[in-house]
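User: Could you take a close look at one charged spot here, and then walk me from there into its surroundings? I'd love one connected account, with the cut-offs spelled out.

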Amino acid sequence: MASKHDIGWERAEPFGGNRRTPKCKYCGKVIHEEGRHGHERGGTSSQSCGAGIKRDPIRSFNIREGANILLKGIDLYMFPSKQKSIKSMFSAKGAKKVGKAISKFFLFNGIPFNAADSGPYYQSMIDTIAEVGPGIKGPIGYQIGNAYLEEEVQELEVYINTLKAKWLVYGCTIMCDGWSSRTRKPIINFMVYCDRSMIYLSSVDTTNIPKTADYVFSLLDKIIEEVGEENIVQLVTDNEASFKAVGMLLMEKRKHLFWSPCAAHCIDLMLEDIGNMKHIKEILDQAKMITSFIYNSLKVVNLMKVFTKDRDLMRPGITRFAIAFISLQSLIRYEGDLKMMCTTNEALW
């Protein structure tokens, strides 16, 4: 119900003392609730009452302009404020409650914190629990390690089969990677790359087996037969002498194949050659001496982090020989902080 100060009463008056039923001053028509908007828009009876009325030019305005209108003489109920929904009122409280419960599970079981940031299954797990609703009991360890594990294996096999179906359409790349485990066990892994997706194929333990060209050639030849020669476009291996010889032999035997050295391994070998230069080697040795001095004492490490704002000098690199150059770059970046560390009064070695 509009107040008596509403500007609408300039063209209407209450009928029978009831302000819910206004009466037009120009045509005398009594306007009820259901016909009010039609009369304002110009119905049959309002067409005659509009004659002789001087109207202001009509222009549209947006919400921001409306917010700046002087509210004097305007009914405040004509511009009702938007109320907050129940969802918006309780979403922050509910998110904090869920976050605290998940954090307890992570902390109690010693799960790394970055597990919440890796992979798409973390948020999908939360969405599924919210969709099912309260009262659902989670699976026990036996169910996860048996029934659900078997289902996951079956789903993964279906996914791998869909990738294998693309081999004949797009062609694929066989990738061979030799590395050593934490127990220094030499292993050769074989992967297949196709259409921006890579799957693990197999691995071979080469303990006490020399990696000669003939031995590696026999391994790769079997892999080619398993994948299908017609599906393979190229081979990617390390740039070692034996692997390079194997690539040449395979291109000689299978004319349509192409061998490529691993780019990361090439960069690693380049950094190794650069690090063996006399003047570069002297600099790297000095940098290694500084980092060894700092990290051999817990007190010095803690003091260093005070000046570097908890940043480390040594970080893992993509390749083995890149670590030395990354450490050298860190020493240059924090040169001023390290000098202040050595001259501070707290540096009582």
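Analyst: Asp221 is a good place to start: its relative accessibility is 15%, so it counts as buried (under 20% relative accessible area; exposed is over 50% and partly exposed lies in between, with a 1.4 Å probe and protein chains only). Please keep in mind that this is a predicted model, in which local features need pLDDT of at least 70, side-chain atom pairs count only at pLDDT 80 or more, and totals for chains, interfaces and linings use all residues. Residues are numbered from 1 along each chain as its sequence is written, and side-chain values use heavy atoms, leaving out hydrogens and water.

The partner of Asp221 is Arg254: the two form a salt bridge whose closest N and O atoms are 2.6 Å apart (a Lys or Arg side-chain nitrogen within 4 Å of an Asp or Glu carboxyl oxygen). This pair ties together distant parts of the chain, 33 residues apart, with Asp221 in helix α9 (residues 213-227) and Arg254 in the loop between α10 (241-253) and β7 (258-261) (DSSP runs numbered from the N terminus: helices are H or I, at least four residues, and strands E, at least two). Arg254 has a relative accessibility of 4%, so this residue is buried as well. Once neighbours within four places in sequence are set aside, Arg254 is in contact with Asp221, Ile224, Glu225 and Glu229 (heavy atoms within 4.5 Å).

How many salt bridges does the structure hold? There are nine, and a couple of others make useful companions to the buried pair. Glu252 and Lys255 form one, with 3.4 Å between the closest N and O atoms, and both of these residues are exposed. Another joins the side chains of Asp312 and Lys305, at 3.6 Å from N to O. Asp312 has a relative accessibility of 32% and therefore counts as partly exposed, and Lys305, at 27%, also counts as partly exposed. Back at our spot, salt bridges with shared partners gather Asp221, Glu225, Glu229, Lys253 and Arg254 into one network.

Helix α9, which carries Asp221, also leads us into the nonpolar interior. The largest nonpolar core has 25 residues, and those with the most contacts inside it are Ile174, Val192, Leu220, Val227 and Ile232 (a core is a set of buried Ala, Val, Leu, Ile, Met, Phe, Trp, Tyr and Cys residues joined through side-chain atoms within 4.5 Å). Two or more residues come from each of β3 (172-180), β4 (186-194), β5 (197-205), α9, β6 (232-237) and α10. Of these, α9 gives the most, with seven residues.

Leu220 shows how these pieces meet: not counting residues up to four places away in sequence, this leucine touches Ile174, Cys176, Phe190, Thr237, Val246 and Leu250. A second, separate core has 14 residues, with Val301, Leu303, Phe307 and Leu313 among them.

Cys176 has a relative accessibility of 6%, so this cysteine counts as buried. Cys24, at 7%, is therefore buried too. The structure holds zero disulfides (pairs of cysteine sulfur atoms within 2.5 Å).

To recap the spot you asked about, Asp221 is buried at 15% relative accessibility, Arg254 is buried at 4%, and their salt bridge has its closest N and O atoms 2.6 Å apart.
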